[in-house]
Amino acid sequence: EREMLKEMLVVVALSVIATTSAFASDEARAAAREVIELKDGSTVYIFKDGKMAMEDKYGRATRMKKETVMEAKDGRKIIMHGDEVMRLDSLLRHGNGS
């Protein structure tokens, strides 16, 4: 019985983590004009003012040097303009209840 309870708690904990990550991503996506998935698993958010931010494949806002060329999953090349890492970090954290 104890082992079964432990397994159920792990499943519940993982479900909560997955759900809060989805909410965080939804909040950031809602604030963006466009969201582009990159080949390396990261995501670029282009905000309504044209500035951009990047989320790494682990769901963290990450710094990207200005004018860096990135490749989208569809093969498009995107050039980084305006590193809005703090803006994205705030959106990702807000969705997590942090």
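At 44% relative accessibility, Glu-67 counts as partly exposed. This residue sits in the loop between S4 and strand S5 (69-71), and its phi is near 70 degrees, a positive value in a residue other than glycine. Keep in mind that this is a predicted model. The average pLDDT for the protein is 80, and 78% of the residues score at least 70.

One stretch calls for care. Over residues 17-23 the pLDDT stays under 50, and the model has 4 contacts there beyond four places in sequence. Where pLDDT is low, the predicted coordinates should not be read in detail.

**The sheet**

Now to the strands. An open sheet is built from 4 strands in the order S1-S2-S3-S4, with antiparallel pairing. Strand S1 (32-37) and strand S4 (61-62) are the edges, each pairing on one side only.

S1 and S2 pair over 5 bridges in the antiparallel sense, and Glu-34 stands opposite Ile-46 in S2. The two strands form a hairpin with 5 residues between them. On the other side of the turn from S2 to S3, 4 bridges join strand S2 (residues 43-47) to strand S3 (residues 52-55), again antiparallel. Here Thr-43 stands opposite Glu-55 in S3, and the hairpin has 4 residues between its strands. Both turns hold a glycine with positive phi, as the table shows.

| Hairpin | Residues between strands | Glycine in the turn | Phi |
|---|---|---|---|
| S1 and S2 | 5 residues | Gly-41 | about 95 degrees |
| S2 and S3 | 4 residues | Gly-50 | about 90 degrees |

How many residues of S2 are buried? The count is 5 of its 5 residues, so S2 is mostly covered, with buried meaning under 20% relative accessible area. In a regular strand the side chains alternate between the two faces of the sheet. In S2, Thr-43, Tyr-45 and Phe-47 point one way, while Val-44 and Ile-46 point the other way.

**The cores**

In soluble globular proteins, nonpolar side chains tend to be buried together. The largest nonpolar core here has 11 residues, including Ile-36, Val-44, Ile-46, Met-52, Met-54, Met-64, Met-70 and Met-80. S2 and S3 are the elements that give two or more residues to this core. Apart from it lies another core, of 10 residues, among them Phe-47, Ala-61, Leu-88 and Leu-91.

Two methionines of the largest core are worth a look. Met-52, found in strand S3, counts as buried because its relative accessibility is 3%. Its C-alpha is 6.5 Å from that of Met-80, although the two are 28 residues apart in sequence. Beyond four places in sequence, Met-52 is in contact with Val-44, Tyr-45, Ile-46 and Phe-47, and also with Met-70 and a run that includes Ile-78, Ile-79, Met-80 and His-81. Met-64, on the same count, touches Met-54, Met-70, Met-80 and Asp-83.

**A buried serine**

Is Ser-42 buried or exposed? Ser-42 is buried, because its relative accessible area is 3%. This residue lies in the loop between S1 and S2. Its side chain makes a polar contact of 2.4 Å with the side chain of Asp-40. Leaving aside neighbours within four places in sequence, Ser-42 is in contact with Ile-36 and Glu-37, and also with Met-54, Glu-55, Asp-56 and Lys-57.

Conventions: Residues are numbered from 1 along each chain as its sequence is written. Side-chain values use heavy atoms; hydrogens and water are left out. Two strands pair if DSSP finds at least two bridges between them. Buried means under 20% relative accessible area, exposed over 50%, partly exposed in between (1.4 Å probe, protein chains only). Contact means heavy atoms within 4.5 Å. A polar contact is a pair of N or O atoms within 3.5 Å; within protein, one must be able to donate a hydrogen and the other to accept it, and residues adjacent in sequence count only if both atoms are side-chain atoms. pLDDT is the predictor's confidence in each residue, from 0 to 100. A nonpolar core is a set of buried Ala, Val, Leu, Ile, Met, Phe, Trp, Tyr and Cys residues joined through side-chain atoms within 4.5 Å.
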